[in-house]
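Biologist: I have a chain on my screen and would like your help in reading it. Please pick out one part, look at it closely, and then tell me how the rest fits around it.

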Amino acid sequence: VKEIKTKEIPPETYLQFIWKQGELYEDFLLESAKNSGVYIDDQTQVYVPEFNVSGKIDIVVLDPSESKYRILEAKSVYGFNANKVLGTPSERKQGQMGVPKPNYLMQLGIYQWWYANNNDDFSDALLVAGARDTGKYAEFGLTVELNEETGEDHIYYYQNDPYPGDKVDSKISIQNIMSQYKYIQDCLDTSVIPQRDFDLKYSDEQIDTLYS
C-alpha cells in the first residue's frame, strides 16, 4: 500500500472539475429541500455490520403529501450517456424517461432495504438525476420488496417526475449484492485473492453465447 501511494497519480483537472460539479448538484438539491421546508437530514450514516457495508444517505426529506420521510439520492449526469438515464428527446416527448444505472439502484437499494424498510416512518426512496449541461432531470421512486418467485428482496423502480410510470423489477436482489460483499470480505479474512469476475480467454461456447 505504501508503494502504491508513492506512485499515486493525482486526478486530472478535468476529472476534479466533474467531481466538483457533482457536489454542486447535490448542494443545489440540499438547499432546495431546506428552502421548501422539507429538509430533515443529510449525510446520514448507514452501516450493515453483518456484511461490513457502509455508506452515507445524501438527503432525508419529508413528503408532505403523506407525512412520511424519504431517502433522496442525488446523481449528476452529462453528455450523450445522460440520455440513457434521463431519456432521449423523442422518449421524453412520449412521456418516457430512461433507466437508472445499476450502480445507482444498488446503492440506493441498500439504503432503502436496511434503513427505510425497518422504519414505518419512511416511504419510497427517491433517485434524482440531473444533467449538468442541459439542466434536464429525472426523478425515480425506488422500493425494495420481496419477490415471491425468487424469495429474495428485489429492487424496484418507477418513473416519478416529470413523467409518472409503472413499477419495474430491476431483477437486482439485495441478497445477491450482499453475497458479493461477503465473498470479498471472506477473501480478505483468509488472505485469498478473489477470482477474476471476467475471463481472459473465451471458450467457443462462450463466444457463441455472447454472439447470440
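Modeller: What follows is a close look at one helix, α2, with the rest of the chain taken up afterwards.

First, some housekeeping. The model is a predicted one, so to speak with care: local features need pLDDT of at least 70 and side-chain atom pairs count only at pLDDT 80 or more, while totals for chains, interfaces and linings use all residues. Numbering starts from 1 along each chain as its sequence is written, and side-chain values use heavy atoms, with hydrogens and water left out.

The chain holds 7 helices and 7 strands, taken from DSSP runs (H or I, at least four residues, for helices; E, at least two, for strands) and numbered from the N terminus. Along the sequence they run α-α-β-β-β-α-α-α-β-β-β-β-α-α. The C-alpha trace spans about 50 × 50 × 40 Å along its principal axes.

Now to α2 itself, residues 13–35. Its 23 residues reach 32 Å from the first C-alpha to the last, close to the 33 Å expected at 1.5 Å a residue (the expected span is 1.5 Å times one less than the number of residues). Ile18, Tyr25, Leu29, Leu30 and Ala33 of α2 are buried, that is, under 20% relative accessible area with a 1.4 Å probe and protein chains only, where exposed means over 50% and partly exposed lies in between. These buried residues pack against the strands β1, β2, β3, β4 and β5, with contact meaning heavy atoms within 4.5 Å. After the helix comes Gly37, with a positive phi near 80°.

The helix also takes part in lining two pockets. A pocket here is an open set of points on a 1 Å grid over the protein atoms alone where a 1.4 Å probe fits, with protein on both sides within 12 Å along at least five of seven lines; its lining residues have an atom within 4 Å of a point. The largest pocket has about 440 Å³ of space, the volume being that filled by probe spheres set on points joined across faces, edges and corners. Eighteen is the count to keep in mind: of the 18 lining residues, Ile18, Gly22, Lys75, Ser76 and Arg132 are the closest to the centre. Two elements, α2 and β3 (68–77), each give two or more residues to this lining, and α2 has the largest share, with 6 residues. By class the lining has 8 nonpolar, 3 polar and 7 charged residues, where Ala, Val, Leu, Ile, Met, Phe, Trp, Tyr, Cys and Pro count as nonpolar, Asp, Glu, Lys and Arg as charged, and the others, Gly among them, as polar.

The second largest pocket has a volume of about 360 Å³. Its 21 lining residues have Leu29, Ser32, Leu72, Val128 and Glu139 closest to the centre. Leu29 also appears among the buried residues of α2. At least two lining residues each come from α2, β2 (53–63), β3, β4 (125–131) and β5 (137–147), and α2 again gives the most, with 5 residues. This lining has 13 nonpolar, 4 polar and 4 charged residues.

One of the strands that α2 packs against is β1 (39–48), and Thr44 lies in β1. Thr44 is buried, with a relative accessible area of 8%. Its side chain makes a polar contact of 3.0 Å with the side chain of Asp41; such a contact is a pair of N or O atoms within 3.5 Å, one able to donate a hydrogen and the other to accept it, and residues adjacent in sequence count only if both atoms are side-chain atoms. Leaving aside neighbours within four places in sequence, Thr44 touches Gly55, Lys56, Ile57, Val60 and Tyr115.

For the wider picture, α6 (residues 174–190) is another helix with buried residues to look at. It has 17 residues and reaches 24 Å, close to the 24 Å expected. Its buried residues are Ile174, Ile177, Met178 and Cys187, and their cover includes β2, α5, β5, β6 and β7. Just after α6, Ser191 has a positive phi of about 60° and, at 68% relative accessibility, is exposed.

Finally, a loop worth a glance: Pro162 sits between β6 and β7, and a cis peptide bond with omega of about 10° joins Asp161 to Pro162.
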